[in-house]
Amino acid sequence: MKKEDKALIIEHIGAELANYSCVYLTTTSGLNAEKTSALRRACFGADIKMLCVKNTLLKKAFEASETDYSELYDLLHGETTLMLSNVGNAPAKLIKKFRDKKDTLPILKGAYVEETVYVGEEQLEALSNIKSKNELIADVVALLQSPAKNVVSALQSGATKLHGILETLSNKE
């Protein structure tokens, strides 16, 4: 491969890395063509970008990036498939769902999610349980609304009690 072609590929990978906040490094070697196509379709449906890349070119793209991916350099050996997403837990959930069909692939090498590095297959469960930014915002909004709902409910029940007492007193006379 010519040096100019490599530079273009590195630039393309760098542009893709800049567009996504979460980077997963996986191994998909061993999947046949049918299963690889199924994985690509599943990634497309979940809004995950899947790229098979050469380790040396990916490392150069990591180095050129503004984000510090240095903790992932040791994982760049063997075959590497890159999964990119803006939702932190989406690739992990996809990998787990894909494996439910009694596959052991894809294998998680590591991930860079929300400025945190996760290394190793054993981190898959933790990654799939991470809440996305939108889920966290929804939780905070629900927590903030809860006290207000309680106050409104208490005021409404108090008004109902007061109305009942006044009606009882008026009926006595």
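**Close-up views of a predicted model**

**View 1. Arg40 and its contacts in the predicted model.** Once residues up to four places away in sequence are set aside, Arg40 touches Met50 and Cys52. Arg40 belongs to helix H2, which spans residues 33–45, and its relative accessibility of 37% lies between the 20% and 50% cut-offs, so Arg40 counts as partly exposed. For orientation within the fold, Leu8 is 32 residues from Arg40 in sequence, and the C-alpha atoms of Leu8 and Arg40 are 23 Å apart in space.

**View 2. Thr81 in strand S3.** Thr81 counts as buried because its relative accessibility is 0%. The side chain of Thr81 makes a polar contact of 2.8 Å with the side chain of Thr28, and a polar contact of 2.8 Å also joins the side chains of Thr81 and Glu79. When neighbours within four places in sequence are left aside, the residues in contact with Thr81 are Tyr24, Leu25, Thr26 and Thr28, together with Met50, Leu51 and Cys52.

**View 3. Helix H4 and the elements that cover it.** Helix H4 runs over residues 90–99 and is mostly covered, with seven of its 10 residues buried. These buried residues are Ala90, Pro91 and Ala92, followed by Leu94, Ile95, Phe98 and Arg99. The covering of the buried residues of H4 includes strands S1 (22–27), S3 (80–85) and S4 (107–113), as well as the helices H2 and H5, the latter formed by residues 124–129. Two of these covering elements appear in the views above, since helix H2 holds Arg40 and strand S3 holds Thr81.

Terms used:
Residues are numbered from 1 along each chain as its sequence is written. This is a predicted model: local features need pLDDT of at least 70, side-chain atom pairs count only at pLDDT 80 or more; totals for chains, interfaces and linings use all residues. Side-chain values use heavy atoms; hydrogens and water are left out. Helices (H or I, at least four residues) and strands (E, at least two) are DSSP runs, numbered from the N terminus. Buried means under 20% relative accessible area, exposed over 50%, partly exposed in between (1.4 Å probe, protein chains only). Contact means heavy atoms within 4.5 Å. A polar contact is a pair of N or O atoms within 3.5 Å; within protein, one must be able to donate a hydrogen and the other to accept it, and residues adjacent in sequence count only if both atoms are side-chain atoms.
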